[in-house]
Amino acid sequence: MAKKSAALGLALLASLFLLFSTIVHAQDDPLASWRPAFDPSGAQHTYLLSNIDHPSIEGIGVGFRIRDKVWERSDGRLYVDFRPLAQLGGERDVLQKLRLGAIHGMMCSSVAAANLSPRLGIVNLPFVVDSFEKLETFRNTPELFEPFAEAARPQGVSVVDFTTYGGYGWATTTPVANLEDAARVNFRIAEAPVNTDLYRAWGLRFTVMPWPDVHQALQTGVINGLDHTLIVCSITRKFDVARYFTPLDYAQGLYIHMINTRWLERLPADLRAILLETIQEESAAARERGRAQYEAEIARVKAAGVTFLELPEEDRARLRTLAEPVYERWAERIGPEYLELVRTRLADEN
């Protein structure tokens with residue numbers, strides 16, 4: 001009897017240990033709450049999809065919504081294996097893998113996408129696609145969106161759609177209320193050619209830095225400013241260190257959904273239609289959720305004590321003037337007629 005009680009006691013301890021380990025593991029796993037509610041092992045086809053950032057951002061979390069809806073619509077034949085948080089590597093590395101087909105799809109940040117095709121850099125040019133309203137006009141006007149969507153075809157990549165992560169601004173460890181303040185800041189910018197040209201034109205100090213290095217660089221003072229959107233800065237806790245934010249809204253941050261064309265064309269036609277339709281539907285819904293998230297994050301970070309500052313109108317006008325050489329430089333790469341068409345059509349949204 002004693003042996004039986006001891007055995008039961010050991011079994012109970014083992015069960016409690018297993019439960020504790022599972023809870024700890026779930027707490028340590030940032031993707032635990034996004035695991036699929038189905039077993040994907042029986043799928044006939046797998047779509048390997050990469051992203052660098054956190055799925056709490058609506059423009060990224062859409063990857064899991066696409067996964068679940070495609071699974072349902074395809075009756076379990078196609079599994080979208082979505083890998084956020086840079087599980088498959090940094091964006092430059094993944095872009096190369098995407099071209100080769102080692103990775104099938106990528107929700108690529110718009111700042112990095114210009115490394116694949118210069119035309120994709122049009123959305124990062126300052127004060128062109130600089131509001132949620134202009135973004136929707138750009139997406140839903142075929143003569144504006146279709147040349148953008150076809151831009152990476154020569155690289156073997158198809159652009160299907162995009163989501164948003166909000167308007168850009170400056171998160172800083174010291175207040176930036178004017179361009180004189182900005183001149184004293186060392187801003188981190190993305191590994192992106194448009195941004196490099198822009199900051200040179202603005203005459204501001206900057207450091208090109210991979211995203212995973214940013215938090216430590218802020219903490220150690222290697223940089224004291226960050227060019228990014230409020231949503232990303234908030235969700236990735238950059239405001240823990242940078243306690244000031246100056247909205248610029250010179251561009252909308254996008255996650256551009258790109259697929260290796262060869263892989264896509266090899267997918268059975270019915271599954272290809274399901275995948276593309278689902279991406280488009282869910283991307284449109286995610287842009288709406290992204291807009292709501294932007295407003296919610298403003299309220300949240302203000303309540304947490306982050307100070308918001310506004311540049312004077314004359315300083316904003318000066319940033320526009322200083323950016324003119326950037327338009328001229330990128331017109332040659334993007335296509336001058338296309339750039340002029342986009343700028344003219346979207347100017348009517350003001």
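**Salt bridges, core and strands in a predicted model**

Reader: Which residue does E58 form a salt bridge with?

Author: In this predicted model, the closest N and O atoms of the pair are 3.0 Å apart. A salt bridge here needs the nitrogen to be within 4 Å of the carboxyl oxygen, so the pair counts. The partner of E58 is R289.

Reader: And how many residues apart are E58 and R289?

Author: This one links distant parts of the chain. E58 sits in helix α2 (residues 58-73), while R289 belongs to helix α12 (residues 269-303). Along the sequence, they are 231 residues apart.

Reader: R287 and E136 also meet in a salt bridge; which helices does that pair link?

Author: The N to O distance for R287 and E136 is 2.6 Å. These two are 151 residues apart, so again distant parts of the chain get tied together. R287 is in helix α12 and E136 is in helix α5.

Reader: Is R287 buried or exposed?

Author: The cut-off for buried is under 20% relative accessible area. R287 has 4% relative accessibility, whereas its partner E136, at 22%, counts as partly exposed. With its 4%, R287 therefore counts as buried.

Reader: What about E150 and R153, how far apart are they, N to O?

Author: Both ends of this salt bridge are partly exposed: E150 has a relative accessible area of 44%, and R153 comes in at 38% relative accessibility. Their side chains meet with an N to O distance of 3.4 Å.

Reader: Which residues do salt bridges that share partners join into one network?

Author: The count for the model comes to 20 salt bridges. R287 and E136, a pair in its own right, both belong to the network. The full set is E136, R139, D161 and R287.

Reader: On to the nonpolar side: which strand gives the most to the largest core?

Author: That core has 111 residues, and those with the most contacts inside it include F138, F148 and W170. One strand, residues 244-260, supplies nine residues. That is strand β8.

Reader: Which residues in helix α6 are buried?

Author: Helix α6 covers residues 142-149. Seen down the helix axis, the buried residues fall within an arc of 115°, so they line one face of α6. That face packs against α5, β4, β8 and α15. Three of the buried residues, L144, F145 and F148, are also in contact with F138, and the buried set is L144, F145, F148 and A149.

Reader: How many bridges join strand β1 to β2?

Author: The two strands, β1 being residues 45-50, run parallel. One bridge has S50 partnered with R83 in β2, and with α2 the strands make a right-handed β-α-β unit. Strand β2 itself is mostly covered, with five of its six residues buried. The bridges joining β1 to β2 number six.

Reader: Last one: how far apart in space are E337 and S117, C-alpha to C-alpha?

Author: E337 lies in helix α15, and at 71% relative accessibility E337 counts as exposed. In sequence, E337 and S117 are 220 residues apart. In space, C-alpha to C-alpha, the separation is 17 Å.

Definitions and conventions:
Residues numbered from 1 in each chain as written. Predicted model: local features only at pLDDT ≥ 70, side-chain atom pairs only at ≥ 80, totals over all residues. Heavy atoms only, no water. Core = buried A, V, L, I, M, F, W, Y, C linked by side-chain atoms within 4.5 Å. Buried < 20%, exposed > 50% of the residue type's maximum accessible area, 1.4 Å probe, protein only. Helix = DSSP H or I, 4+ residues; strand = E, 2+ residues; numbered from the N terminus. Contact = heavy atoms within 4.5 Å. Arc of directions from axis to C-beta. Pairing = 2+ DSSP bridges. Right-handed = clockwise from strand over helix to strand, strands pointing away. Lists of a residue's contacts leave out its neighbours within four places in sequence.
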